[in-house]
Amino acid sequence: MRIITIEPETVESFRREWPCSGLHDVDHIVAAFANDGQLVDYDCFDNQSNPIANTWEGSGALPALLDAAQRNARMIPTPPGMIGPDWKY
């Protein structure tokens, strides 16, 4: 399993390119993908790290952003004793 955090800067950049995305309240996203690349689960958070209910379904934006995260995430090494690796996009 691969867990990817889509960082606030990436979400903001995506919103500028896709202004009708419906992701206006989203600060960052954490998504889990199976080893075969299938999406297992995701959570969206505001800038206080509170979960946000899905208000963007149907816009097509979130699948596009998750696909980009799958293709472009970079691995961040984790310190010994920590769960990892950590993936960022």
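Colleague: I would like to begin with T5 in this predicted model: is T5 buried or exposed, and what value decides the matter?

Modeller: The label rests on relative accessible area, with buried meaning under 20%. T5 has a relative accessible area of 16%, so it counts as buried. This residue is found in strand β1, and, if we leave aside the neighbours within four places in sequence, T5 is in contact with I29, V30, D86, W87, K88 and Y89.

Colleague: W87 appears in that list; where is W87 placed, and why does W87 count as buried?

Modeller: W87 has its place in strand β5, which covers residues 86-88. Its relative accessibility is 18%, and because the limit for buried is under 20%, W87 counts as buried. Beyond the neighbours within four places in sequence, W87 is in contact with R2, I3, I4, T5, A73, R74 and M75. For A73 there is also a backbone distance to read: the two residues are 14 apart along the chain, while 5.9 Å separates their C-alpha atoms.

Colleague: R2 is among those contacts of W87; how does R2 lie relative to the ring?

Modeller: A charged group can be placed against a ring by asking whether it sits over the face and how far it is from the ring centre. Here R2 lies over the face of W87, at 4.2 Å from the ring centre.

Colleague: And if I turn from a charge over a ring to rings against each other, how is such a pair described, and how many aromatic pairs does the structure hold?

Modeller: A pair of aromatic rings is described by two quantities, the distance of the centres and the angle of the planes. The structure holds 1 aromatic pair.

Colleague: How should I read the nonpolar core, and which residues touch the most other members of it?

Modeller: One can ask first which members are in touch with many others, and then which elements supply them. The largest nonpolar core has 19 residues, of which I4, I6, I29, L65, L66 and Y89 touch the most other members. At least two residues of this core come from each of β1 (2-6), α1 (8-17), β2 (28-33) and α2 (61-72), and α2 gives the most, with 6 residues. L66 shows what this looks like for a single side chain: not counting residues up to four places away in sequence, L66 touches I6, I29, A31, F33, L39 and Y42.

Colleague: What about T10: in which element is it found, and is it buried or exposed?

Modeller: T10 is found in helix α1, and it is buried because its relative accessible area is 19%, where the limit is under 20%. Leaving aside neighbours within four places in sequence, T10 is in contact with L65 and Y89.

Colleague: S49 has a positive phi although it is not a glycine; where does this residue sit, by element?

Modeller: The phi of S49 is about 65 degrees, and the residue has its place in the loop between β3 (39-45) and α2. At 46% relative accessibility, S49 counts as partly exposed, because that label covers values between the limits of 20% and 50%.

Colleague: Stepping back to the protein chain as a whole, what pattern does it follow along the sequence, and how does its radius of gyration compare with that of a compact globule?

Modeller: The chain has 2 helices and 5 strands, which follow the pattern β-α-β-β-α-β-β. For 89 residues a compact globule would have a radius of gyration near 12 Å, and the 13 Å of this chain agrees with that. Along the principal axes, the C-alpha trace spans about 40 × 30 × 20 Å. Of the 89 residues, 33% count as buried, and, among contacts between residues at least 6 apart in sequence, 48% join residues at least 24 apart. The chain exposes about 5700 Å², with carbon and sulfur atoms supplying 53% of this area.

Note on methods:
Residues are numbered from 1 along each chain as its sequence is written. This is a predicted model: local features need pLDDT of at least 70, side-chain atom pairs count only at pLDDT 80 or more; totals for chains, interfaces and linings use all residues. Side-chain values use heavy atoms; hydrogens and water are left out. A nonpolar core is a set of buried Ala, Val, Leu, Ile, Met, Phe, Trp, Tyr and Cys residues joined through side-chain atoms within 4.5 Å. Buried means under 20% relative accessible area, exposed over 50%, partly exposed in between (1.4 Å probe, protein chains only). Helices (H or I, at least four residues) and strands (E, at least two) are DSSP runs, numbered from the N terminus. Contact means heavy atoms within 4.5 Å. Rings of Phe, Tyr and Trp (its six-membered ring) pair if their centres lie within 6.5 Å; planes under 30 degrees apart count as stacked, over 60 as edge-to-face and the rest as tilted. A charge sits over a ring if NZ of Lys or CZ of Arg is within 6 Å of the ring centre and within 35 degrees of the ring normal. The radius of gyration is taken over C-alpha atoms; the globule rule is 2.2 Å times the number of residues to the power 0.38. Accessible areas come from the Shrake-Rupley method with a 1.4 Å probe; for residues, only the protein chains shown count as cover.
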